[in-house]
Amino acid sequence: MLSWSSNDKDVFNGDIGFVRDVDLDAQEVAVDFDGRPVTYDFSELDELLPAFATTIHKAQGSEYPAVVIPLSTQHYLMLRRNLVYTGITRARKLVVLVGQRKALAIAVKDSRAEARWSKLNQWLCNP
């Protein structure tokens, strides 16, 4: 997986892609970003970075063969049931929860949904 930042290729910091092809003759690498192929010249490879991890927020809508979710009471504000659920449902085959049992208990017990300030209701009611 790779993360890259480039406005001319419509790829931004934090985007995750997979190397699909390396053409040694043309000196190009083809990277797939959500089904969209993007070609990089070998001279641009210093801009590509390995992506070993992503956030649950960024992973929404994606699936991965395995997911590791760290849970710590030190990150109390992030211990939300909906975040743990979203993280777990990103995994196709394996989920590993690493951390404190108390942190998982706090997250599971937290059913609060934070208010969202999207103005959606205002936009729908006042066309």
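These legends walk through several close-up views of a predicted model.

**View 1. The whole chain, to get your bearings.** Before zooming in, it helps to have the parts list: the protein has four helices and seven strands. Following the sequence from start to end, you meet them in the pattern β-β-β-β-β-α-β-α-β-α-α. The protein has 127 residues, and 25% of them count as buried. Take the contacts between residues at least 6 apart in sequence: 53% of these join residues at least 24 apart.

**View 2. The largest nonpolar core and its ten residues.** Here you can pick out Ala 59, Tyr 64, Val 67, Ile 69, Leu 71, Leu 79, Val 84, Ala 91, Ala 103 and Ala 107, which together make up the largest nonpolar core. Two or more residues come from each of E6 and H3. E6 is the biggest contributor to this core, with four residues. Apart from this core lies another one, of seven residues, including Val 11, Val 31, Phe 33 and Leu 48. As background, nonpolar side chains in soluble globular proteins tend to be buried together.

**View 3. Ala 59 and its partners.** Staying with the largest nonpolar core, this view centres on one of its members, Ala 59. If you set aside the neighbours within four places in sequence, Ala 59 is in contact with Thr 54, Tyr 64 and Arg 90. Tyr 64 belongs to the largest nonpolar core as well.

**View 4. The buried side of helix H2.** Which residues of helix H2 (residues 81-88) are buried? They are Val 84, Thr 86 and Gly 87. Because these residues cover an arc of only 160° around the axis, they sit on the same side of H2. A reminder from helix geometry: an α-helix has 3.6 residues a turn, so residues three or four places apart point the same way. The cover over the buried residues of H2 includes H1, E6, strand E7 (91-99) and helix H3 (101-109). Val 84 is also part of the largest nonpolar core.

**View 5. His 57 and Thr 86, brought together by the fold.** His 57 is found in helix H1, while Thr 86 is one of the buried residues of H2. Along the sequence the two are 29 residues apart, yet their C-alpha atoms are 8.5 Å apart in space. Is His 57 buried or exposed? His 57 has a relative accessible area of 61%, so it counts as exposed.

**View 6. The second largest pocket.** This pocket has a volume of about 360 Å³. Its lining has 17 residues, and those closest to the centre are Ile 16, Phe 18, Asp 34, Ser 62 and Tyr 64. Strand E2 (16-23), strand E3 (28-33), helix H1 (56-59) and strand E6 (64-71) each give two or more residues to the lining. By residue type, the lining divides into seven nonpolar, two polar and eight charged. Tyr 64 may look familiar, since you have already seen this residue in the largest nonpolar core.

**View 7. Gly 14 and two residues distant in sequence.** Gly 14 lies in the loop between E1 and E2 and, at 26% relative accessibility, counts as partly exposed. The C-alpha atoms of Gly 14 and Thr 54 are 8.0 Å apart, with the two positions 40 residues apart in sequence terms. Leu 49, in strand E5 (residues 49-50), is 35 residues from Gly 14 along the chain, and the two C-alpha atoms are separated by 9.9 Å. Leu 49 is partly exposed, with a relative accessible area of 48%.

**View 8. Phe 42 and its contacts.** Phe 42 lies in the loop between strand E4 (36-41) and E5. With a relative accessible area of 26%, Phe 42 is partly exposed. What does Phe 42 contact, leaving aside its neighbours within four places in sequence? The partners are Val 22, Asp 23, Leu 24, Gln 27, Glu 28 and Val 29. The C-alpha atoms of Phe 42 and Val 29 are separated by 6.9 Å, and the two are 13 residues apart along the chain.

**View 9. Two loop residues with positive phi.** Most residues other than glycine have a negative phi. Asp 10, however, has a phi near 60°. Asp 10 is placed in the loop between strand E1 (2-3) and E2, and is partly exposed at 47% relative accessibility. Gln 27 has a phi near 55°, again a positive value. Gln 27 is found in the loop between E2 and E3, and is partly exposed with a relative accessible area of 43%.

Terms used:
Residues numbered from 1 in each chain as written. Predicted model: local features only at pLDDT ≥ 70, side-chain atom pairs only at ≥ 80, totals over all residues. Heavy atoms only, no water. 1 Å grid on protein atoms, 1.4 Å probe; cavity = no way out; pocket = protein on both sides within 12 Å on 5 of 7 lines; lining within 4 Å. Points joined across faces, edges and corners; volume = space filled by probe spheres on them. Nonpolar A, V, L, I, M, F, W, Y, C, P; charged D, E, K, R; others polar. Buried < 20%, exposed > 50% of the residue type's maximum accessible area, 1.4 Å probe, protein only. Arc of directions from axis to C-beta. Contact = heavy atoms within 4.5 Å. Core = buried A, V, L, I, M, F, W, Y, C linked by side-chain atoms within 4.5 Å.
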